[in-house]
Amino acid sequence: MKVLPNTGFTLIELLIVIALLAVITGASLPSYIGYQKNQTITQAIKQIKSDLRFAQRRAVSSLEGKAWGLHFVVSSPHQYELFSCNPSSTYTDYVYGEENDCPSRQIIQLNPSISLQLVSDYDIVFDVLTGKVIVGGVLLAEDLLIDVSDGTTIKRVTVTTGGAIEDYIDPNP
């Protein structure tokens, strides 16, 4: 009768491998969670910038002859609305609301862990053809910052007076 040699791993060897895997997993988990949170807020920033650019392009193209914009509300920090309004001869009429004939509305939901840091309700509207930025019924006089937070980090989107939509870059890093 042939005796087969003992092959395989001992219990000690298996325990050492399991312990090493636990250490590696434990060390990489905080990094992964940080990466995931960063991606969530980055995705929200991209969504807001994309919707702002969409509204701006629609207004400038004037295909429908409407001013387009985004409506932000303090009481709804996890969402905003994309809307279009009939054009007006005065900027003060570019304020969101049913009385101002803004029939086209689309609610954009952000990830529940993301919130907009708003001081008050406001609209960002792009004028027909010119694409001028109108906020709260007034032509934008200085750059507008939109703060987006995940509870620990705040990132910003800038809408410049010239209508550029970009990531905020801190002038004093």
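S104 is partly exposed in this predicted model, with a relative accessibility of 31%. The residue belongs to strand β3, which spans residues 104–109. Beyond the neighbours within four places in sequence, S104 makes contact with W68, L82, F83 and S84. N86 lies 18 residues away from S104 along the chain, and the C-alpha atoms of these two residues are separated by 10.0 Å.

The strand that holds S104 is part of a chain whose secondary structure consists of 1 helix and 10 strands. In sequence order, these elements follow the pattern α-β-β-β-β-β-β-β-β-β-β. The helix, α1, covers residues 11–61. Of the contacts in the chain with a separation of 6 or more, 57% join residues that are 24 or more positions apart.

Two residues of helix α1 were examined, Q56 and Y32. Q56 has a relative accessible area of 18%; because buried means under 20%, Q56 is classed as buried. Leaving out the neighbours within four places in sequence, the residues in contact with Q56 are F126, G131, G163 and I165. Y32, in contrast to the buried Q56, is partly exposed, with a relative accessibility of 48%. This value lies between the limits of 20% for buried and 50% for exposed, so Y32 falls into the class in between. Y32 also contributes to a nonpolar surface patch, together with L29, I33 and Y35. The area of this patch is about 430 Å².

For the chain as a whole, the accessible surface amounts to about 10,800 Å². Carbon and sulfur atoms account for 59% of this surface. The chain has 173 residues, of which 35% are buried. Q56 is one of the buried residues, whereas S104 and Y32 are partly exposed.

The confidence of the prediction was also considered. The average pLDDT of the chain is 84, and 87% of the residues reach a score of at least 70. Confidence is highest in strand β4, at residues 115–117, where the mean is 92. The lowest confidence is found in strand β7, at residues 138–139, with a mean of 82.

Conventions: Residues numbered from 1 in each chain as written. Predicted model: local features only at pLDDT ≥ 70, side-chain atom pairs only at ≥ 80, totals over all residues. Heavy atoms only, no water. Helix = DSSP H or I, 4+ residues; strand = E, 2+ residues; numbered from the N terminus. Buried < 20%, exposed > 50% of the residue type's maximum accessible area, 1.4 Å probe, protein only. Contact = heavy atoms within 4.5 Å. pLDDT = per-residue confidence, 0-100. Areas by Shrake-Rupley, 256 points an atom, 1.4 Å probe, with all protein chains shown as cover. Patch = residues over 30% accessible without salt bridge, like charges linked within 9 Å, V, L, I, M, F, W, Y side chains within 5 Å. Salt bridge = Lys/Arg side-chain N within 4 Å of Asp/Glu carboxyl O.
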